[in-house]
Amino acid sequence: FLGAGGGNDIQWCFSQVKGAVDDDVAEADIISTVEFNHSGELLATGDKGGRVVIFQQEQENKTQSHSRGEYNVYSTFQSHEPEFDYLKSLEIEEKINKIRWLPQKNAAQFLLSTNDKTIKLWKISERDKRPEGYNLKEEDGRYRDPTTVTTLRVPVFRPMDLMVEASPRRIFANAHTYHINSISINSDYETYLSADDLRINLWHLEITDRSFNIVDIKPANMEELTEVITAAEFHPNSCSTFVYSSSKGTIRLCDMRASALCDRHSKLFEEPEDPSNRSFFSEIISSISDVKFSHSGRYMMTRDYLSVKIWDLNMENRPVETYQVHEYLRSKLCSLYENDCIFDKFECCWNGSDRQLTSFFFPPLCSIVMTGSYNNFFRMFDRNTKRDITLEASRENNKPRTVLKPRKVCASGKRKKDEISVDSLDFNKKILHTAWHPKENIIAVATTNNLYIFQDKMN
Amino acid sequence: QDAQEKDKSIPPERAEEAKLKAKYPNLGQKPGGSDFLMKRLQKGQKYFDSGDYNMAKAKMKNKQLPSTGPDKNLVTGDHIPTPQDLPQRKSSLVTSKLAG
């Protein structure tokens, strides 16, 4: 695993933890999504209670050269509320499934947040001045007696304490019969897609009363249903290309120039299965829970229950790399099925600097992928060195600037000191959501109800 | 020695499958098939029949309707949901603890 040695290995240190300390977790506080904005200055979280909290990185303090700016609360608002669809007798959760930031075009910040049925475009803007010196009103808002007004003055803007306001600018509703699992903004920055279990829709950010259906896998007879859409994403550079993953472990790449309804894929990515290995669990654990393009757009990464796979867009018949996240769980599938953990949807992410140093011909100097596991463990795989590491998000490790100690799970046999046996893992402590700063080695890791921020040790 | 060797030749997934089938012999023939998918698609679906509810109310008169018991989300044949059973779906007016 990634050890302390090696000049280029990242040494992760605890930076901050947000959230309540107590073990009694309220449903509403369960974190359901984490996302950095394009500059990394803002970090948004969504939770089961429909709330969004945005943190802002402090400006770097020139005197504090040993650490990057801390993230402090910038804005928080209620994005979605619980609803009941009386016509369909359907309860609609307020849980925020995904947040995606728009690139910044002016002083305000924009993000899309979605629950199972409705996507909203939120504008987050700052107000740091207010007009003062009205003629007809006092400073506290009371109206002045007009007979006391003897002079006329022009109100002026004066500084005030910074106020950050969030307002919903667009509501994209009533376009999804099934539950939305993904939203993805197109590289044209004008359109975006939303995907539910059976359909994918294309929207224009300015238009809320119409969306185009671009994928529909609903069978004529629902008895024939064999697979559902689990995730979808637009290609980072090619505005007509997107991919969607399925519960059967396949990924389809579609080109919107080919036809209005992209029911026929342009490429189908699928790893052949060894039929002798097939079991009751095979399909369930092959279901893809997340798909993410690399920043270059040359590769994509998928996460299934036990592994992370890297696919080259030019090769459909198998992934180019496979990384085992927690292979020791393969001999625990029976109990993981019984406690429903086998259906947990883990996400995955690429390191940020994968973006800047990449061109089509030269691989990035540093390419690392990260994903979560149980017991509040999370894993990183360095694609160049082929080394991997397991770290833990825990308040016990919270001494800033102390390098995190790697963890090891003992699959079988004699447990060494400092190792943890599979049977001692806490399956209620799952890390489903992680995010990597787009430029720096700063990561955000969400446990059930806490948000951890780790940074690499700066020398 | 022999038992150990036998274990080694069975892939762990198959051994787990055998365990599961031993516990639940009636588990569907289709491996991981459309049962899961239909359950996924039906998430959030609530069942309420106003006819049943009113009939039960009329029959019971002063008595209480049978209550849900601990798991309010479980839909069983005997129980008819009442407005009292519906979980409070008020939105969180409390600020997130992440912001605290």
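Here are some numbered notes on this predicted model, written for reading beside the structure.

1. First, the ground rules. This is a predicted model in which local features need pLDDT of at least 70, side-chain atom pairs count only at pLDDT 80 or more, and totals for chains, interfaces and linings use all residues. Residues are numbered from 1 along each chain as its sequence is written, chains are lettered from A and ligands numbered from 1 in the order in which they are written, and side-chain values use heavy atoms, with hydrogens and water left out.

2. A good place to start is the open sheet of chain A, where four strands lie in the order S20-S21-S22-S23 with antiparallel pairing. Strands here are DSSP runs of E, at least two residues long, and helices are runs of H or I of at least four residues, numbered from the N terminus; two strands pair if DSSP finds at least two bridges between them. S20 (290-293) and S23 (321-324) of chain A are the edge strands, each with a single partner, so one side of each has no neighbour in the sheet. From one strand to the next the twist averages 15°, with axes fitted as lines to C-alpha atoms (for helices, over the stretch in contact) and angles running from 0 to 180 degrees between N-to-C directions.

3. Within that sheet, S22 (residues 307-312) and S23 of chain A are joined by four bridges in the antiparallel sense. One pair to look up is A:Lys309, whose bridge partner in S23(A) is A:Thr322.

4. Next, have a look at S18 (residues 251-255) of chain A, where five of its five residues are buried. Buried means under 20% relative accessible area, exposed means over 50%, and partly exposed lies in between (1.4 Å probe, protein chains only). In a regular strand the side chains alternate between the two faces of the sheet. In S18(A), A:Ile251, A:Leu253 and A:Asp255 are buried on one side, and A:Arg252 and A:Cys254 are buried on the other.

5. S18(A) has strand partners in S17 and S19 of chain A. S17 (residues 241-246) runs antiparallel to S18(A) and is joined to it by five bridges, while S19 (residues 267-269) pairs with S18(A) in the antiparallel sense over three. A:Arg252 is the bridge partner of A:Tyr244 and also that of A:Leu268 in S19(A). The hairpin of S17(A) and S18(A) has four residues between the strands, and A:Gly249 takes a positive phi near 85° there.

6. S31 (residues 442-446) of chain A is also mostly covered, with five of its five residues buried. A:Ile442, A:Ala444 and A:Ala446 point one way, A:Ile443 and A:Val445 the other. S30 (residues 433-436) of chain A pairs with S31(A) over four bridges, antiparallel, including the one that matches A:Ala435 with A:Ala444; a hairpin of five residues joins these two strands. S31(A) is also joined by five bridges to the antiparallel strand S32 (residues 451-456) of chain A, in a hairpin with four residues between them. There, A:Ala446 stands opposite A:Leu451.

7. Which residues have the most contacts inside the largest nonpolar core? They are A:Phe280, A:Tyr305, A:Leu329, A:Leu336, A:Tyr337, A:Ile342 and A:Leu425, in a core of 25 residues. Such a core is a set of buried Ala, Val, Leu, Ile, Met, Phe, Trp, Tyr and Cys residues joined through side-chain atoms within 4.5 Å. Helices H1 (282-286) and H2 (333-338) of chain A each supply at least two of its residues, and H2(A) gives the largest share, four residues. A second, separate core of 18 residues includes A:Ile368, A:Met370, A:Leu404 and A:Phe454.

8. Chain B meets these helices too. In H3 (residues 34-41) of chain B, B:Ser34, B:Phe36, B:Leu37 and B:Leu41 are buried. These buried residues fall within an arc of 155° seen down the axis, so they line one face of the helix; the arc is that of the directions from the helix axis to the C-beta atoms. H1 and H2 of chain A are among what covers them, whereas B:Asp35 and B:Lys39 on the other side of H3(B) are exposed.

9. Finally, A:Glu392 sits in strand S27 (residues 388-392) of chain A and is buried, with a relative accessible area of 16%. Its side chain makes a polar contact with the side chain of A:Arg407 at 2.7 Å. A polar contact is a pair of N or O atoms within 3.5 Å; within protein, one must be able to donate a hydrogen and the other to accept it, and residues adjacent in sequence count only if both atoms are side-chain atoms.

Key
Contact means heavy atoms within 4.5 Å.
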